[in-house]
Amino acid sequence: MLVLDTWQYFMHRYMHHNKFLYKHIHSQHHRLVVPYAFGALYNHPVEGLLLDTIGGALSFLLSGMSPRASIFFFSFATIKTVDDHCGLWLPGNLFHLLFRNNTAYHDVHHQLYGSKYNFSQPFFVMWDRILGTYMPYSLDKRAGGGFEARPSKDYKDD
């Protein structure tokens with residue numbers, strides 16, 4: 001988890017800061033201002049290669065996990081990524097209870113004001129906290145039902 005999170009954070013952040021990579025590769029994923037489950041893997045093939053395939057290979061090789069363990073690990077990571085993009089905060093969702101990096105956390109990143117924050121994926125938020133790209137949020141009840149993730153502080157002017 002640590003290897004995959006580290007790779008994903010730095011590659012994801014780099015794709016936001018490198019204008020060429022963002023314009024021609026990563027912006028395809030960010031066309032989804034309101035993420036939905038299948039949008040988790042809606043990305044350019046080069047991004048899939050750089051973030052997912054190479055990150056997965058490094059995680060597998062550096063951790064020494066067995067092929068059987070890797071099947072469970074990568075299945076879990078994929079399900080978690082889909083859940084992070086589903087846009088739903090469901091009561092009792094174990095991913096929301098066990099991980100600070102969850103649906104609301106990633107929703108903030110997909111908003112126009114959040115594109116410079118919350119790069120961490122798919123498990124922990126440590127790199128965002130350590131490197132100053134963490135945007136805290138609150139969940140506010142919506143009048144029509146459900147919740148909306150909003151920044152806790154006014155980051156919109158950054």
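**A tour from helix α1 to the α6–α7 loop**

Start with the cover over helix α1: its buried residues are covered by elements that include α2 (19-24), α3, α4 (67-84), α6 (103-110) and α7 (126-131). Keep in mind that the model on screen is predicted.

Next, select α1 itself, residues 2-17. Its buried residues are Leu-4, Asp-5, Gln-8, Tyr-9, Met-11, His-12, Met-15 and His-16. In an α-helix, residues three or four places apart point the same way, because there are 3.6 residues a turn. To check the length, take the C-alpha atoms at the two ends of α1, which lie 23 Å apart. At 1.5 Å a residue, the 16 residues should span 22 Å, so the model agrees with expectation.

Move to Glu-47, in helix α3 (residues 45-63). Leaving aside residues up to four places away in sequence, Glu-47 touches Met-15, Ile-25, His-26, His-29 and Asp-52. One of these contacts, Met-15, is among the buried residues of α1. Which side chain of opposite charge is nearest to Glu-47? Select Arg-31: it is 10 Å away, and Glu-47, though buried, has no salt bridge.

Finish in the loop between α6 and α7, where Asn-118 and Pro-122 are both found. Most residues other than glycine have a negative phi, and most peptide bonds are trans. Asn-118 is not a glycine, yet has a positive phi of about 55°. Is Asn-118 buried or exposed? It counts as buried, because its relative accessibility is 0%. Last, select Gln-121 and Pro-122: the peptide bond from the former to the latter is cis, with omega near -5°.

Definitions and conventions: Residues are numbered from 1 along each chain as its sequence is written. This is a predicted model: local features need pLDDT of at least 70, side-chain atom pairs count only at pLDDT 80 or more; totals for chains, interfaces and linings use all residues. Side-chain values use heavy atoms; hydrogens and water are left out. Helices (H or I, at least four residues) and strands (E, at least two) are DSSP runs, numbered from the N terminus. Buried means under 20% relative accessible area, exposed over 50%, partly exposed in between (1.4 Å probe, protein chains only). Lys and Arg count as positive and Asp and Glu as negative; His and the chain ends are not counted. A salt bridge is a side-chain nitrogen of Lys or Arg within 4 Å of a carboxyl oxygen of Asp or Glu. Contact means heavy atoms within 4.5 Å. The expected span of a helix is 1.5 Å times one less than its number of residues.
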